[in-house]
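Colleague: I'd like a close look at one part of this protein, a spot where two helices pack, and then how that spot fits in with the rest. Could you walk me through it?

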Amino acid sequence: GVVMVATRACVARALLRSLSQWRGVAGQSRGLASTGTAKELLGEVLGKARSVMEQEDPSAEAMAAAKAALLEVVPARRDADAEVAYVLGALYLKQPFDPVLAKPKGGDDPEKDDDMAPHAKVLRDIKDLRKAAARARRDRFRRVTQGNEGAKQKDGVLVSKSASASPIRAGVGDFFQAWRWLQIAAFRGHTGAMVRLGNICIENVSDDRSGGTYNVRLAEKWYIRAAAAPSPIADAMYNLAKLYHEGFQAEDGSGEIREILSSDSVRARFWLDRAAQHGDPTACLWMAHAARVGDTGLGFSGPDRDTALASLQDALSRDAPGGDFYAAQLHRFGDANLGVEADEALFWRYAKQGAKKGDADALFAMADAYFNGTDTVEASLAEAFKYYGLACDAGSGEAAICLGAIFARGVGVKQDYEAAFRYYELAADRGIVLAWQNIASMYALGQGVPQDEQAAKRILETWGPHIQEALQAP
């Protein structure tokens with residue numbers, strides 16, 4: 001008992017130190033005194049693990065250590081509270097399987113421990129600890145279930161039928177562990193876990209043996225539970241609006257596309273309204289655009305000026321992603337349906353606001369304005385090239401194809417077919433269909449790559465219909 005708790009605390013503290021070393025985060029681990037309580041230790045471990053979870057791209061070692069630390073201070077699944085289970089589930093979503101770490105230099109010789117990497121020592125200690133903990137749990141469970149008529153004996157140990165995990169019916173892909181932990185959190189009222197469970201269902205429809213029906217309906221139920229909870233979450237409302245607005249179709253076993261969930265404009269509008277009322281900035285921006293274009297899928301019979309402008313203002317005040325770009329384009333070209341005239345000063349104001357935030361679309365809008373020039377700003381290839389580069393670095397596929405064209409034609413720069421081909425490939429990877437036409441042309445002519453007419457032919461056979469559709473788009 002006492003020795004086991006002390007050993008578990010030591011390993012958890014060692015993992016905390018490893019987390020700080022691997023992630024290189026600012027600040028030092030406080031380090032609990034040997035007299036610290038289990039609750040304080042759990043809080044310390046949870047805080048570190050949560051910081052790993054919230055990172056955009058944490059290292060594999062940091063995620064593995066965060067999971068191991070939480071599992072050490074929460075020895076049994078049933079003992080985990082909602083937040084611990086949620087963080088574990090989120091970590092397993094990022095990393096479904098623990099990485100195979102390199103074998104420590106010191107091997108099994110204690111005298112060589114000094115040569116081991118710190119995380120290798122910790123993980124070796126965890127392995128030993130788990131073996132001891134497993135034996136202790138078996139002994140404890142044997143005592144608890146002794147005399148229980150509902151128990152049965154297996155390998156000399158009494159086990160209760162109620163101890164077995166419930167089967168997973170939904171298709172969850174590789175996210176088995178994430179699903180288990182998120183379910184625990186969700187059943188204990190964690191609305192964020194409910195949303196993530198819904199997302200797993202939607203993203204793994206192809207693994208649903210019912211052909212997608214069970215997954216989609218289960219996702220709908222989890223979203224509704226999160227949206228109708230005492231402390232509802234706007235993400236769930238937004239996802240419901242998206243689900244009902246678009247409906248859901250999936251491919252059945254015969255390869256045919258069938259409808260699983262029909263679109264429903266009334267329900268879609270209800271949940272989008274709720275999400276906007278709860279302050280979701282993306283919902284506000286979606287509402288603004290839907291009202292502007294008169295989206296019948298959200299109950300609009302035509303453009304609704306008042307709703308569009310009010311929702312756009314709400315989106316901007318809440319710093320909606322893409323909001324500055326949307327406002328910039330609206331004021332650059334104007335919109336007669338909304339009674340908004342082109343206003344170049346407002347265009348530059350909103351475009352620069354978005355660019356300062358690193359918004360790829362806003363950066364691209366500035367590049368386009370500098371390339372073509374405006375009524376008050378002369379065209380500048382140098383400024384255009386600068387902002388195309390910034391937009392491309394921020395993830396813009398449109399900027400990548402423009403840079404490809406600039407290098408292919410030598411506009412303001414030295415002609416460089418190899419650079420052009422790289423940018424066209426990048427644009428294609430980011431979903432710009434027209435980039436495939438340019439790639440095919442360069443293969444056919446041998447520009448920037450060895451000439452390969454067969455490759456060009458295969459590309460056009462695959463992407464030809466999509467290229468034509470993109471060329472005919474307004």
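At what angle do the axes of helix α6 and helix α7 cross, and within what distance do they come?

Modeller: Keep in mind that this is a predicted model. Helix α6 covers residues 176-187 and helix α7 covers residues 191-203; their axes cross at roughly 140° and come within 8 Å. An angle over 145 degrees would count as roughly antiparallel. α6 and α7 are therefore oblique to each other. As for handedness, α6 goes past α7 in a left-handed crossing.

Now for the side chains. On the α6 side, the contact is made by Trp 179, Leu 182, Gln 183, Ala 185 and Ala 186. Facing them from α7 are Ala 193, Met 194, Arg 196, Leu 197, Ile 200 and Cys 201. Sorted by character, the residues of this α6 and α7 contact come out as 9 nonpolar, 1 polar and 1 charged.

Ile 200 is a good place to zoom in. This residue lies in helix α7 and has a relative accessible area of 2%. The cut-off for buried is under 20%, so Ile 200 counts as buried. Setting aside neighbours within four places in sequence, Ile 200 is in contact with Trp 179 and Leu 182, both of which are among the α6 residues in the helix contact. Ile 200 also touches Leu 93, Gly 171 and Val 172. Ile 200 and Trp 179 sit 21 residues apart along the chain, and their C-alpha atoms are 7.9 Å apart.

Trp 179 takes us into the interior. The largest nonpolar core has 78 residues, and Trp 179 is listed with Leu 70, Val 87, Leu 91 and Phe 248 as having the most contacts inside it. In soluble globular proteins, nonpolar side chains tend to be buried together. Take Val 87 as another example: leaving out neighbours within four places, Val 87 is in contact with Leu 46, Ala 49, Arg 50, Met 53 and Leu 70. Apart from this core lies another, of 40 residues, with Ala 327, Leu 363, Phe 407 and Ala 419 among them.

Two of those names lead to a helix pair you can set beside α6 and α7. Phe 407 in α17 and Ala 419 in α18 are among the residues that meet where these helices pack. Helix α17 (residues 397-409) and helix α18 (residues 417-429) have axes 8 Å apart, at an angle of about 160°. α17 and α18 are therefore roughly antiparallel to each other, and their crossing is left-handed. Their contact residues divide into 13 nonpolar, 2 polar and no charged.

One more pair, if you have the structure open: helix α10 (residues 265-277) and α11 come within 8 Å and cross at roughly 130°, in a left-handed crossing. α10 and α11 are therefore oblique to each other.

Stepping back, the chain has 20 helices and 4 strands. Buried residues make up 42% of its 474 residues.

Notes
Residues are numbered from 1 along each chain as its sequence is written. This is a predicted model: local features need pLDDT of at least 70, side-chain atom pairs count only at pLDDT 80 or more; totals for chains, interfaces and linings use all residues. Side-chain values use heavy atoms; hydrogens and water are left out. A nonpolar core is a set of buried Ala, Val, Leu, Ile, Met, Phe, Trp, Tyr and Cys residues joined through side-chain atoms within 4.5 Å. Buried means under 20% relative accessible area, exposed over 50%, partly exposed in between (1.4 Å probe, protein chains only). Contact means heavy atoms within 4.5 Å. Axes are lines fitted to C-alpha atoms, for helices over the stretch in contact, and angles run from 0 to 180 degrees between N-to-C directions. Angles under 35 degrees count as roughly parallel, over 145 as roughly antiparallel, 65 to 115 as roughly perpendicular and the rest as oblique. A crossing is left-handed if the near helix is turned anticlockwise from the far one by less than a right angle, and right-handed if clockwise. Ala, Val, Leu, Ile, Met, Phe, Trp, Tyr, Cys and Pro count as nonpolar, Asp, Glu, Lys and Arg as charged, and the others, Gly among them, as polar.
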